[in-house]
Structures are given as structure tokens and as C-alpha cells.
Amino acid sequence: MQAGPMAGLVAGSGGGAVVMVRVIMLSPPGAGKGTHSRWLTLQTGAAHISSGDLLREEVARGSDLGRQVASYTDRGDLVPDELIFRILAPAVVTAARNTGGYVLDGFPRTMPQALRAAQFGADLALTSNAVIYLTAPEDELVSRLLDRAQRDGRADDTLGVIRHRLAVFARETAPLIDYYRGRGILLELSTNRAEADVQADLLNQLQARGLMSPRATEPGPDHSGQAETTLRNS
Ligand code: ADP
């Protein structure tokens, strides 16, 4: 698939074109990746692709692949890159074809994944245009995840597994921060403040890079009635 030169352009407020968001959400567990990905999806119409959701769906299906996935996710270990690509790649291609953009929530999270995603993006003219790095103090991350455990009952939201996931982030995923900073596409935001403040900051930073129409928060012809587009791998 080759996207044409206009691919990913959407109408801006002044009739000009802004580039459709193709962003990676990069953050430790509990920093607000899911929440802010869903918000950005509603604002832009870009597809939300959550690696964790796709993996949990595979587990819920009870397939052989799902059982393999659960043997990693239940312990808080990363699922091997090959399995991740098998599950995610079709979703990303479909998303980009349907919406011209994407919000990648939870992928890539190892250097090999990042390098392969960059190659994949270049081949398909779907290169990411921003990486959103969300931060919060570690005790805040742990307390948010323990709160979520009460509400959602996720198998990996127990204190021991949460601590392990944070250590895995520091070891496997944190190197991506400098990698994307070096490529000049990293946006860093603290989520240790009101959600509305985080969203306003995010909007400003995306607009400053020509990635979002200044009217994106108001109902308009591009986004009115737009339901969240969450892609499933089926
Ligand atoms: P969190 O960010 O809170 O850990 P996610 O829903 O993003 O939650 O991920 C849940 C689990 O799914 C991870 O702990 C890991 O086991 C697995 N996972 C998600 N995305 C990836 C990925 N890109 N590579 C490897 N494993 C992943």
C-alpha cells in the first residue's frame, strides 16, 4: 500500500490543511496512556490502537495465541516482539487506511519494536509525527493502578506485578525516550495535575507542530458525531 502525497491531511480551521495525527503514546503503566489516547481519538478521528486491549481480547477469546499471550501479561512481562507484530500490524494498516491517522497506545515499547515500526512506517508512508511521553511520580502511578484494580479487576494490577511492570518499563521502554527525543518528535507532559490541564497542554503542543486543527475541541464538520474508532484485530 502506498499513500499519496495528500494522505493524512485534514481540513484546518482556516481552510488550510493540518497533518492528521499519527502518534505514539509512550508512558509507564498508570501515567494515563489509555485515558489520553481515547481523548485524542475523540478529538481527531484518528484510530485508537491499544496493544494491551488487543492482547486482552486475544486472551478472552481463549485461543492458543491468547494462552501464550496470557503467560506473559499475567506476570507483567512483555509479550515477544514477533507475537506483538502479528497481532498489531494488521490493525495499524487498517486504521491508517480508514482514518489516515492513528494513536498507538502501548506500542512500540522495546527498541527492536521501535526500529521495526519505523521501517514499517517508512515503507507504508505512515511515519509517526509525534511521540507523547506522559510522566507521573512512581508512588502516584502505583496508587492509580491499585485504584484501577478495584474498578476493573485486571489480572496484572496487583502490587507485585505492578512493581514488575514499572521495572520492565525502566529497562525495556525508557530507552525509547532518548531515541524519539533525538529524532525531534518527543512531547513530554506531566499527568500529575488535572486532566483538563493535561489535555490543554497536549492540544497546544500538537497545534504548535501543525498536527491538530485549532478548532479540534469544538464540534465541527470534521468531527461532529464522530464515534471513537477503536480497531479490533478481527
Ligand atoms: P500498562 O501500560 O498499564 O502496562 P497495557 O494495557 O498497555 O498496560 O499493557 C498490558 C500488558 O500487555 C503489558 O504488561 C505487556 O505484558 C503487554 N503488552 C502491551 N503492549 C505490549 C508491547 N508493545 N510489547 C510487549 N508486550 C506488550
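**Note on the predicted model**

1. The protein chain averages a pLDDT of 86, and 83% of its residues score at least 70. The model is predicted, and the confidence score should be kept in view when reading the points that follow.

2. Two stretches call for caution. Over residues 1-7 pLDDT stays under 50, and the model has 8 contacts beyond four places in sequence for them. Over residues 215-234 pLDDT also stays under 50, and here the model has 35 such contacts. Where pLDDT is low, the predicted coordinates should not be read in detail.

3. On the overall make-up: the protein chain has 9 helices and 7 strands. Of its 234 residues, 35% count as buried. Among contacts with a separation of 6 or more, 76% are between residues 24 or more positions apart.

4. The largest nonpolar core has 44 residues. Val-21, Val-23, Tyr-102, Val-103, Val-131 and Ile-132 have the most contacts inside this core. Helix α4, residues 81-99, gives the most to the core, with 6 residues. In soluble globular proteins, nonpolar side chains tend to be buried together.

5. Val-131 can be followed further. Once its neighbours within four places in sequence are left aside, Val-131 is in contact with Val-23, Ile-24 and Leu-26, and also with Tyr-180, Ile-185, Leu-186 and Leu-187. One of these partners, Val-23, is itself listed with Val-131 among the residues with the most contacts inside the core.

6. Which residues are closest to the ligand? They are Pro-29, Ser-51, Gly-52, Leu-78 and Gly-106, out of 19 that surround the ligand. Helices α2 (51-61) and α3 (64-73) are the elements that give two or more residues to this shell, and α2 gives the most, with 3 residues. By class, the shell has 8 nonpolar, 6 polar and 5 charged residues.

7. Gly-52, one of the closest residues to the ligand, is placed in helix α2. Is Gly-52 buried or partly exposed? Gly-52 has 17 C-beta neighbours inside 10 Å, so Gly-52 counts as partly exposed; 20 or more would be needed for a residue to be buried. The C-alpha atoms of Gly-52 and Thr-73 are separated by 9.0 Å, although the two residues are 21 apart along the chain.

8. Two helices can be checked against the expected rise of 1.5 Å a residue. Helix α6 (residues 138-152) has 15 residues and reaches 21 Å from its first C-alpha to its last, close to the 21 Å expected. Helix α9 (residues 195-208) has 14 residues and should therefore span 20 Å; its end C-alpha atoms are 20 Å apart, which agrees.

9. A glycine with a positive phi is found just after each of these helices. After α6, Gly-153 takes a phi of about 60 degrees. After α9, Gly-210 takes a phi of about 70 degrees.

10. Two backbone details remain. Most residues other than glycine have a negative phi, and most peptide bonds are trans. The bond that joins Phe-107 and Pro-108 is a cis peptide bond, with omega about -5 degrees; Pro-108 is in the loop between β5 (102-105) and α5 (111-123). Ala-125, a residue other than glycine, has a positive phi near 55 degrees. Ala-125 is found in the loop between α5 and β6 (130-135), and counts as partly exposed because it has 14 C-beta neighbours inside 10 Å.

Notes: Residues numbered from 1 in each chain as written. Predicted model: local features only at pLDDT ≥ 70, side-chain atom pairs only at ≥ 80, totals over all residues. Core = buried A, V, L, I, M, F, W, Y, C linked by C-beta atoms within 7 Å. Buried ≥ 20, exposed ≤ 12 C-beta atoms within 10 Å, placed from the backbone. Helix = DSSP H or I, 4+ residues; strand = E, 2+ residues; numbered from the N terminus. Contact = placed C-beta atoms within 7 Å. Expected span 1.5 Å × (residues − 1). pLDDT = per-residue confidence, 0-100. Near = placed C-beta within 6 Å. Nonpolar A, V, L, I, M, F, W, Y, C, P; charged D, E, K, R; others polar.
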